Amino acid sequence: MNDYYSDEIYEKVSFTSEQLSKTDFDSCTFKNCDFSELHINGSEFLECEFIDCNLSNTRIKGSSFKESSFENSKLVGIKFY
């Protein structure tokens, strides 16, 4: 079973060098968060907003971003497996 988060707001959270597995986010907002070097596996982001976030070199496997938006965010070197 996946961890599930809905309508959460995350500000200035550093997810770097961690692994995010089997976690679903529904209608969540991420502001100024750092996802660089994060490994995302088996997770889903549904209708999420990423504002001023860093997703550089994030590794994504078996995950999806459905109806999500990226505003003023860094999306360089993302690896989709």
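**View A. Ser 21 and its partner across the sheet.** In this predicted model, Ser 21 has a bridge partner in β6, and that partner is Asn 41. Zoom out a touch and you see the strands they belong to: β3 pairs with β6 (residues 39-41) in the parallel sense, over three bridges. In general, strands of a sheet pair through backbone hydrogen bonds, either parallel or antiparallel.

**View B. The sheet that holds β3 and β6.** Here the frame takes in four strands, which make an open sheet with parallel pairing. Reading across, the order is β3-β6-β9-β12. Look at the two ends: β3 (19-21) and β12 (79-80) each have a single partner strand, so one side of each has no neighbour in the sheet.

**View C. Ser 56, tucked into a loop.** Where does Ser 56 sit? Its place is the loop between β8 (49-51) and β9 (59-61). Is Ser 56 buried or exposed? Ser 56 counts as buried because its relative accessible area is 8%, and the cut-off for buried is under 20%. Setting aside neighbours within four places in sequence, Ser 56 is in contact with Ser 36, Glu 37, Lys 74 and Val 76.

**View D. Another open sheet, with β2 at an edge.** This one also has four strands, running in the order β2-β5-β8-β11 and paired in parallel. The edges belong to β2 and β11 (69-71); each has a single partner strand, so one side of each is left without a sheet neighbour. From one strand to the next, the twist averages 10°. Closer in, β2 and β5 (residues 29-31) pair in the parallel sense over three bridges, and Glu 11 stands opposite Lys 31 in β5.

**View E. Tyr 5 and Phe 25, ring on ring.** The model has 17 aromatic pairs by count. One of them joins Tyr 5 and Phe 25: the pair is stacked, with 5.5 Å centre to centre and 20° between the planes. The two residues come from distant parts of the chain, Tyr 5 from strand β1 (residues 3-6) and Phe 25 from strand β4 (residues 23-26), 20 residues apart. Tyr 5 is partly exposed, with a relative accessible area of 32%, whereas Phe 25 is buried, at 4%.

**View F. Phe 25 again, this time with Tyr 10.** How are the rings of Tyr 10 and Phe 25 arranged, stacked or edge-to-face? They are edge-to-face, 6.0 Å centre to centre with 85° between the planes. Tyr 10 lies in strand β2 (residues 9-11) and Phe 25 in strand β4, so this pair ties together parts that are 15 residues apart in sequence. Tyr 10 is buried too, with a relative accessible area of 16%.

**View G. A cluster of rings and the nonpolar core.** Step back from the single pairs and a cluster appears: ring pairs link residues including Tyr 5, Tyr 10, Phe 15, Phe 25, Phe 65 and Phe 70. As a rule of thumb, nonpolar side chains in soluble globular proteins tend to be buried together. In the largest nonpolar core, which has 16 residues, the ones touching the most other members are Phe 25, Phe 30, Phe 35, Phe 45 and Phe 50. Take Phe 30: beyond its neighbours within four places in sequence, its contacts include Tyr 10, Cys 48, Glu 49, Ile 51 and Cys 53.

Methods: Residues numbered from 1 in each chain as written. Predicted model: local features only at pLDDT ≥ 70, side-chain atom pairs only at ≥ 80, totals over all residues. Heavy atoms only, no water. Buried < 20%, exposed > 50% of the residue type's maximum accessible area, 1.4 Å probe, protein only. Contact = heavy atoms within 4.5 Å. Pairing = 2+ DSSP bridges. Phe/Tyr/Trp six-rings, centres within 6.5 Å; stacked < 30°, edge-to-face > 60°. Axes fitted to C-alpha atoms, helices over the stretch in contact; angles between N-to-C directions. Core = buried A, V, L, I, M, F, W, Y, C linked by side-chain atoms within 4.5 Å.
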